[in-house]
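These are my notes on the model, set out as numbered points. Please read them with the sequence and the structure open.

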Amino acid sequence: MDTLFQDKTHDEGRQGEALMLEPGNKNNGRKLYIESYGCAMNFSDSEIVASILLERGFETTTDHNNADVIFINTCSIRENAEQRVRNRLKEFAVAKLKNPGMVVGVLGCMAERLKSKFLEEEKLVDVVVGPDAYRDLPNLIDQVDDGQRAVNVLLSREETYADISPVRLNSNGINAFVSIMRGCDNMCSFCVVPFTRGRERSRDPESIVAECTDLYNKGYREVTLLGQNVDSYKYKSESQESESPEVVNFADLLSLVAQVSPELRIRFSTSHPKDITDEVLYTIKKYDNICKYIHLPVQSGNSRVLELMNRTYDREWYMNRIDAIRRILPGCAISTDVITGFCTETEEEHQETLSMMDYVKYDFAYMFMYSERPGTLAAKRYADDIPEPVKRRRLSEVVQKQQQYSHERLKLLVGSTQKVLIEGFSKKSDKDYCGRSDQNAMVVFPVAESYKPGQYVDVHIDRCTTATLIGVVV
Ligand code: SAH
Ligand code: SF4
Ligand code: F3S
């Protein structure tokens, strides 16, 4: 799974770092365990949560059995995402039996969706906190320590946590997420995010550039700018000198961050087909360190289904954006998200998703069966009428086609030389390093003393598997 949809746990602590401990602070040395599900936004939020609590004397631990506070940062995007969290809570219940003083908290999108209902449904949960209320966590933990159960699920129109310097959890010291905005103002009919994350708001560019500069100075070499719809990033600063407010859009922000250092790679996610402009594409072209890789979720290749989904673009518009990317950024990698079996989708309409895949030949895709989410426009308006076996069969057709194109895309790179940022040892062997190319392809090559993680190397690609390029440094 990629950066945006890591469905794995994420629970590394910050060890050995000097902390300013207030004498007599009751939280000194209390152990926090935090586990994240869902999108990169959640993983990034967990780093903000850790920062807020470490300031208050907490330490992190990677073992939930010896934690004083367990937080699970949750995702509601599909039903199975919520089911996984409930299963995990059952395991935490076992740990709590052994340590009754343990605080168990649910954070993130599921907390926001279910609110205090969570406390009724899951007896072991002590605290429920939505994504905009993390500053209140120390106070909420105090309430639990006093024997109450606590909830704060207020959404905000302003909160961006801009001033909080995230504690990098589970970090390799090379790649980092930087949140540039929160919430979403689109109303895709299938999607729960506008309800769990609230209104869209952009973080001020100065704090984004400062965070990226700090990361660079600490040795990081790649930042991924995060937002549900990065192309609608917009920050209005009320400058004292000029009459009119100065507006920074996403293209402007990309330029600002790209200038932090030519040695800092910039990635971003997610782009929305209705909003990605030629200006953004020309900015990507202008800077060598902005990676030539765009995640542009299509969801469906059929215009009627796209309309029901309320995506506000149609098949032709999407193809036009793909053409623009191919024209302005030749060689740019493109990935997508696809949903199969959305309400009323016919066999012919599903075929149009497959033909869109033939048109674009995506480098990579995340593919899902439609999962009805309570409270969304689709749940209210349309019957979830495609039988699960049909959704599943359509999904497997999409997956099969994607596997073919992913492999074909990699095969085209055999014989080329790719600039790779070394991220660490390969998963399979410590005789090999791995890292990603500009276009986000995973590249594996032999370890040598003359280079190390965090450095760029040129790798000649000798061969490929279905998911990885294999080569040697030239
Ligand atoms: N903001 C991003 C997507 C965030 S959610 C965008 O607009 O593209 C990530 C992906 O999950 C979506 O692109 C969609 O493909 C999938 N998804 C969202 N809701 C879903 C649902 N109810 N059922 C199945 N997949 C869903
Ligand atoms: Fe959900 Fe659509 Fe917003 Fe993406 S753009 S988060 S799919 S509502
Ligand atoms: Fe992300 Fe899941 Fe919430 S995808 S925004 S954590 S519903």
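1. Two definitions come first. Domain bounds here come from an automatic or database domain assignment, and a residue is near a molecule or strand if one of its heavy atoms lies within 4 Å of it. This is a predicted model, in which local features need pLDDT of at least 70 and side-chain atom pairs count only at pLDDT 80 or more, while totals for chains, interfaces and linings use all residues. Residues are numbered from 1 along each chain as its sequence is written, chains are lettered from A and ligands numbered from 1 in the order in which they are written, and side-chain values use heavy atoms, with hydrogens and water left out.

2. Domains. The assignment divides the protein chain into domain 1 (4–152), domain 2 (175–411) and domain 3 (417–473). Domain 1 supplies 20 residues to its contact with domain 2, and domain 2 supplies 23; contact means heavy atoms within 4.5 Å. The C-alpha centres of domain 1 and domain 2 are 29 Å apart.

3. Ligand 3. Where does ligand 3 lie with respect to domain 1 and domain 2? Ligand 3 lies between them, because both domains give residues to its shell. The shell consists of C39, N42, T74, C75, S76, I77, C109, V193, R197 and Q228. By class, 5 of these residues are nonpolar, 4 polar and 1 charged. For these classes, Ala, Val, Leu, Ile, Met, Phe, Trp, Tyr, Cys and Pro count as nonpolar, Asp, Glu, Lys and Arg as charged, and the others, Gly among them, as polar.

4. Ligand 2. The residues around ligand 2 are C184, N186, C188, F190, C191, V193, P194, Q228, H272 and R311. They comprise 6 nonpolar, 3 polar and 1 charged. V193 and Q228 are also listed around ligand 3.

5. Ligand 1. There are 16 residues around ligand 1, and the closest are F190, Q228, Q299, D337 and S371. Polar contacts (pairs of N or O atoms within 3.5 Å; within protein, one atom must be able to donate a hydrogen and the other to accept it, and residues adjacent in sequence count only if both atoms are side-chain atoms) include the following. A nitrogen atom of ligand 1 is 3.0 Å from a polar backbone atom of F190. An oxygen atom of the ligand lies 3.1 Å from a side-chain N or O atom of R78, and an oxygen atom lies 3.2 Å from a side-chain N or O atom of R311. F190 and R311 also appear in the shell of ligand 2.

6. T196. This residue is part of helix 6 (residues 193–197); helices (H or I, at least four residues) and strands (E, at least two) are DSSP runs, numbered from the N terminus. Is T196 buried or exposed? T196 is buried, because its relative accessible area is 0%, where buried means under 20%, exposed over 50% and partly exposed in between (1.4 Å probe, protein chains only). Neighbours within four places in sequence aside, T196 contacts S76, C109, E112, R113, P131 and L155.

7. Helix 7 (residues 205–217). The end C-alpha atoms of this helix are 18 Å apart, which agrees with the 18 Å expected for its 13 residues at 1.5 Å a residue; the expected span is 1.5 Å times one less than the number of residues. Its buried residues are P205, S207, I208, E211, C212, L215 and Y216. They pack against strand 7 (175–179), strand 10 (222–226), strand 11 (234–237), strand 12 (246–249) and helix 8 (250–258). G219, which follows helix 7, has a positive phi, near 105 degrees.

8. Helix 14 (residues 388–411). For its 24 residues the expected span is 34 Å, and the end C-alpha atoms are 34 Å apart, which agrees. K391, R394, L395, V398, K401, Q402, Y405, S406 and L410 are the buried residues of helix 14. Their cover includes strand 15, helix 12, strand 16 (364–369), strand 20 (456–464) and strand 21 (468–473).

9. Backbone points to check. S269 and T270 are joined by a cis peptide bond, with omega about 10 degrees. T270 sits in the loop between strand 13 (265–269) and helix 9 (278–286). K115 is not a glycine, yet its phi is positive, about 50 degrees; this residue is in the loop between helix 3 (109–114) and helix 4 (117–121).
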